[in-house]
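Please open the model in your viewer and keep the selection panel at hand, as the tour begins with the chain as a whole and then moves to a pair of strands.

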Amino acid sequence: MSARLSAAPPPSVRVRAPGKVNLALRVGPVGDDGYHPLATVFQAVSLYEEVTATQVPPGAGISLTVSGPQSEAVPTDETNLAWRAAALLADRTGLAADVALHITKGVPVAGGMAGGSADAAAALVACDALWDAGVPRTELVEMAAELGADVPFSLLGHTAVGTGRGDLLTPAMTRGEFHWCFGTQRTGLSTPSVFRRFDELAGPSTGVVTPEDDTDIMHALRAGDPVALGKALHNDLEAPALDLRPELAEVLEVATEAGALGVVVSGSGPTVAALGRSRQHALALGAAWTAADVVDSIWCATGPAPGTQVVTSVARQ
Ligand code: C5P
């Protein structure tokens with residue numbers, strides 16, 4: 001009898017959260033808090049991080065393991081955003097920070113697609129469910145924003161306009177599916193260093209950024225028009241990313257020559273996003289990159305994709 005009881009799996013919750021591409025990213029001058037005001041349009045794509053939170057004995061603390069593509073590049077200590085998310089949730093709810101976290105990577109690492117932010121969003125939702133904390137959605141969103149500027153969007157998913165640090169979100173209307181191919185590089189780019197280079201290149205400025213500059217994108221999304229969307233893609237961080245990685249220019253060029261509807265550096269890079277006419281065409285864009293030997297790997301996906309959600313939950317037996 002006791003052998004059968006001990007064979008029962010411990011309670012666990014598996015949650016998935018999407019990566020993203022910025023369809024537009026406009027960056028204002030750096031503020032006193034070290035952050036830049038943004039006007040951005042996020043689209044979640046069908047590349048997912050999965051976080052499984054498993055119950056451990058009281059006092060065991062937080063532990064973390066990682067598997068999947070490029071997982072060796074991901075820290076497994078308290079610097080990992082998923083770990084920090086679990087610790088923050090425990091702190092705010094007064095619950096014990098006891099959980100074994102496992103991340104299965106599905107979003108490129110340090111690529112400007114918010115894989116780390118997706119881990120944080122998934123860990124918040126997974127621990128909230130495992131610990132039966134019942135934290136209201138609005139408070140989860142606040143904790144998400146504390147963990148990182150892109151974390152609230154990973155909770156929300158779909159397509160949304162982001163202002164503030166990119167964490168104040170308004171859902172956007174879209175029609176249909178958009179077909180993307182992402183080309184990654186072997187070595188990532190650090191987000192703060194790309195923002196710093198942006199400051200160096202931009203010089204002192206008082207410019208204000210507003211989402212009103214992106215009406216073309218909003219029209220294209222509402223019409224489900226990939227040709228118009230491709231033409232309207234815009235990223236202020238593309239110039240600094242190219243300055244730090246001049247070889248990215250060729251990645252943009254190859255996809256453009258292969259007939260991409262639009263090509264843009266994703267977020268702070270170095271991943272490049274190419275928009276295709278169809279799933280097949282997106283695959284062909286990836287094949288062109290592979291043939292030209294300008295990317296480390298290709299990842300095809302569709303957007304918009306749903307936000308963070310529970311996939312499975314194993315209850316106490
Ligand atoms: O919020 P998160 O930790 O993802 O941001 C990483 C870094 O990127 C920040 O420390 C800051 O240097 C830069 N950043 C910024 N302005 C933003 C978002 C991020 O300067 N709106």
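Start with the whole chain selected: of its 317 residues, 50% count as buried, where buried means under 20% relative accessible area, exposed over 50% and partly exposed in between, with a 1.4 Å probe and protein chains only. This is a predicted model, in which local features need pLDDT of at least 70 and side-chain atom pairs count only at pLDDT 80 or more, while totals for chains, interfaces and linings use all residues. Residues are numbered from 1 along each chain as its sequence is written, and side-chain values use heavy atoms, with hydrogens and water left out.

Colour next by secondary structure, which comes to eleven helices and twelve strands; these are DSSP runs numbered from the N terminus, helices being H or I with at least four residues and strands E with at least two. The radius of gyration, taken over C-alpha atoms, is 20 Å, close to the 20 Å that the globule rule (2.2 Å times the number of residues to the power 0.38) gives for 317 residues, so the chain is as compact as a globular protein of that length. Along the principal axes, the C-alpha atoms fill a box of roughly 65 × 45 × 35 Å.

Now select strand E3, residues 62–67, and show its side chains: Ile 62, Leu 64 and Val 66 point to one face and are buried, whereas Ser 63, Thr 65 and Ser 67 point to the other face and are not buried.

Add strand E4, residues 99–104, which pairs with E3 in the parallel sense over six bridges; two strands pair if DSSP finds at least two bridges between them. Finally, pick Thr 65, and look in E4 for its bridge partner, His 102.
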